[in-house]
Amino acid sequence: DNKLTSIPDSIGNLTGLNTLYLSSNNLSTIPDSIGNLTGLNTLWLHYNNLTNIPNTIGKLTGLKYLYLSDNNLTSIPALAFGNLTGLNKLFLSNNNLTSIPDSIGKLSQLKYLYLYNNNLSNIPDSIGNLTGLNYLSLSSNNLTNIPDSIGNLTQLNILSLSYNNLTSIPDSIGKLSQLK
């Protein structure tokens, strides 16, 4: 909640840090040295002007909570995100994302996934690997279909699909008996 426009590379020296809150600033980039913060549990970067995330974020394998909503992201680094297997909550809403990489399916600990209000036209089949997911918001995108693998998400309590261009819903949605 300041007017920061940059973060010094020396932030990577704070290796004992477990929470980093840099939300509501004017940041347009994150230094590669962020990958040195391997003790991070929570990273708040929402409400900035970020257009990309460095690949080094993939080194933050202990990360549980990642907040990247309300930026100008057009993509996320596929390989890096696949390494964040301990994530519990991932907030990517209110960006300009056009696709989600297949590597999202590696985030086996994910419980909450917020992808609403982007420019997504499809969701990878690998989303079906997130079998522990409780909350999935895909509203306000450009989706025309949902992968059949969505039926694997049997722990889902909430599925939000409103404000898309869906022309059909897969039969597998009937397996989601936990939906409220």
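**Notes on a predicted model**

1. Start with N55, which sits in the loop between strand 2 and strand 3. The model is predicted. Is N55 buried or exposed? Its relative accessibility is 57%, so N55 counts as exposed; the cut-off for that label is over 50%. Look also at I76. N55 and I76 are 21 residues apart in sequence, and their C-alpha atoms are 8.7 Å apart in space.

2. N122 gives another loop position. It belongs to the loop between strand 5 and strand 6. With 41% relative accessibility, N122 counts as partly exposed. In sequence, 22 residues separate N122 from I100. In space, C-alpha to C-alpha, N122 and I100 are 8.0 Å apart.

3. Stay in that loop for D125. This residue lies between strand 5 (112-114) and strand 6 (135-137). D125 has a relative accessibility of 55% and therefore counts as exposed. Which residues gather with D125 in a patch of negative charge? They are D102, D148 and D171, and the patch is on the surface.

4. Next, the backbone. Most residues other than glycine have a negative phi. S24 is not a glycine, yet its phi is positive, at about 60°. Where is S24? Find it in the loop between strand 1 (19-21) and strand 2 (42-44). S24 counts as partly exposed, because its relative accessibility is 25%.

5. D70 deserves a look as well. D70 has a positive phi of about 60°, and D70 is not a glycine. Its place is the loop between strand 3 (65-67) and helix 1 (78-82).

6. Now the aromatic rings. How many aromatic pairs does a search of the whole structure find? It finds 7. One of them joins F91 and Y114. Their ring centres are 4.2 Å apart and their planes are at 10°, so this pair is stacked; planes under 30 degrees apart earn that label. The pair links distant parts of the chain. F91 is in strand 4 (residues 89-91) and Y114 is in strand 5, with the two positions 23 residues apart in sequence numbering. Are F91 and Y114 buried or exposed? Both F91 and Y114 are buried.

7. Y112 and Y135 form an aromatic pair of the tilted kind. The distance is 6.4 Å centre to centre, and the angle between the planes is 35°. This pair, too, links distant parts of the chain: Y112 is in strand 5, Y135 is in strand 6, and they are 23 residues apart. Y112 counts as partly exposed, because its relative accessibility is 28%.

8. Step back to the cluster. Which residues do ring pairs link into a cluster? The members are Y21, W44, Y67, F91, Y112, Y114, Y116 and Y135. F91 and Y114, the stacked pair, belong to this cluster. So do Y112 and Y135, the tilted pair.

9. Finish with W44, another name in the cluster. W44 lies in strand 2. Its relative accessible area is 23%, so W44 is partly exposed. Along the chain, W44 and N2 are 42 residues apart. A distance of 14 Å separates the C-alpha atoms of W44 and N2.

Note on methods. Residues are numbered from 1 along each chain as its sequence is written. This is a predicted model: local features need pLDDT of at least 70, side-chain atom pairs count only at pLDDT 80 or more; totals for chains, interfaces and linings use all residues. Side-chain values use heavy atoms; hydrogens and water are left out. Patches are made of residues with over 30% relative accessible area and no salt bridge: like charges are joined within 9 Å, nonpolar side chains (Val, Leu, Ile, Met, Phe, Trp, Tyr) within 5 Å. Accessible areas come from the Shrake-Rupley method with a 1.4 Å probe; for residues, only the protein chains shown count as cover. A salt bridge is a side-chain nitrogen of Lys or Arg within 4 Å of a carboxyl oxygen of Asp or Glu. Lys and Arg count as positive and Asp and Glu as negative; His and the chain ends are not counted. The place of a charge is taken as NZ of Lys, CZ of Arg, CG of Asp or CD of Glu. Helices (H or I, at least four residues) and strands (E, at least two) are DSSP runs, numbered from the N terminus. Buried means under 20% relative accessible area, exposed over 50%, partly exposed in between (1.4 Å probe, protein chains only). Rings of Phe, Tyr and Trp (its six-membered ring) pair if their centres lie within 6.5 Å; planes under 30 degrees apart count as stacked, over 60 as edge-to-face and the rest as tilted.
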